[in-house]
Amino acid sequence: MKLLHIDSSVLGPHSVSRQVSAAAVERLRQANPGLVVTYRDLTQTPLAHLTGHHLAANQGAAPEPALRDDIVAGQTDLEEFLAADIVVIGAPMYNFTLPTQLKAWIDRIVVAGKTFKYDANGVEGLAGNKRVVIAISRGGYYGAGTPMAALEHLETYLRGIFGFIGVKNLEFIPADGIQVGPEHREKAVAGALLAAGSLNAA
């Protein structure tokens, strides 16, 4: 069994989403002997954002020389995602949405003919055979009925995009209110770590 672990926070050891994603991976490693883990830190090895040259290369054009390494890296990321049985992602909220580094990675795995396709019935997701666990951290509270609910574009986006490519086994571990105050942060982190340590084995 293969697990792909993705982190995207720019805060390094101070990151809540990194703590929780690491705890989730450790829980799954202990519960699944022989689990093979691949780790990607998107802040240490970031992908470039898509350009017209990337899209042209995807359609068979010769890639621009300056983009060749990046295109190869993006293809590797897609292959790692496709090969993974479990994907664990650390995703903090920045300015009400996901980090730009994580968006660049998502743009490399949401690929027509690989993770989704269109047919006469509409769109069909092709990545539904995997489990995706996402550790999210948010500075405030964005649940339904809260004053800030309309600005929540992290979990809602991730639910939408992974649903689009067919992922039905999608789990979120939230740590909310981490910037409200020390007590709120402590409670949020403790709750998220407990949830990560209690994940089902498979």
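Which residue of β5 is the bridge partner of Asp119? In this predicted model, where local features need pLDDT of at least 70, side-chain atom pairs count only at pLDDT 80 or more, and totals for chains, interfaces and linings use all residues, the partner is Gly122. Residues are numbered from 1 along each chain as its sequence is written, and side-chain values use heavy atoms, with hydrogens and water left out.

The bridge between Asp119 and Gly122 belongs to the antiparallel pairing of strand β4 (residues 116-119) with strand β5 (residues 122-125), which extends over four bridges. Two strands are taken to pair if DSSP finds at least two bridges between them; helices (H or I, at least four residues) and strands (E, at least two) are DSSP runs, numbered from the N terminus. The connection from β4 to β5 is a hairpin of two residues. A salt bridge, defined as a side-chain nitrogen of Lys or Arg within 4 Å of a carboxyl oxygen of Asp or Glu, is formed by Lys117 and Glu124, with an N to O distance of 3.6 Å. Lys117 is partly exposed at a relative accessible area of 36%, and Glu124 is likewise partly exposed, at 34% (buried, under 20% relative accessible area; exposed, over 50%; partly exposed, in between; 1.4 Å probe, protein chains only).

Helix α4 (residues 100-109) contributes Leu102, Ala104, Trp105, Ile106, Arg108 and Ile109 as buried residues. The elements covering these buried residues include β1 (2-7), α2 (52-58), α3 (68-83), β3 (86-92) and α5 (155-164), where contact denotes heavy atoms within 4.5 Å. Within α4, Asp107 and Lys103 form a salt bridge whose closest N and O atoms are 2.8 Å apart. Asp107 and Lys103 are four residues apart in the helix and therefore separated by about one helical turn. An α-helix has 3.6 residues a turn, so residues three or four places apart point the same way. Both partners are partly exposed, Asp107 with a relative accessible area of 23% and Lys103 at 29%.

A salt bridge with the same spacing of four residues, about one turn, lies in helix α5, where the side chains of Arg159 and Glu155 meet at 2.9 Å, N to O. Arg159 is partly exposed, with a relative accessible area of 42%, whereas Glu155 counts as buried at 17%. Salt bridges that share partners link Arg159 and Glu155 with Arg138, Glu152 and Asp176 in one network. The structure as a whole holds 12 salt bridges.
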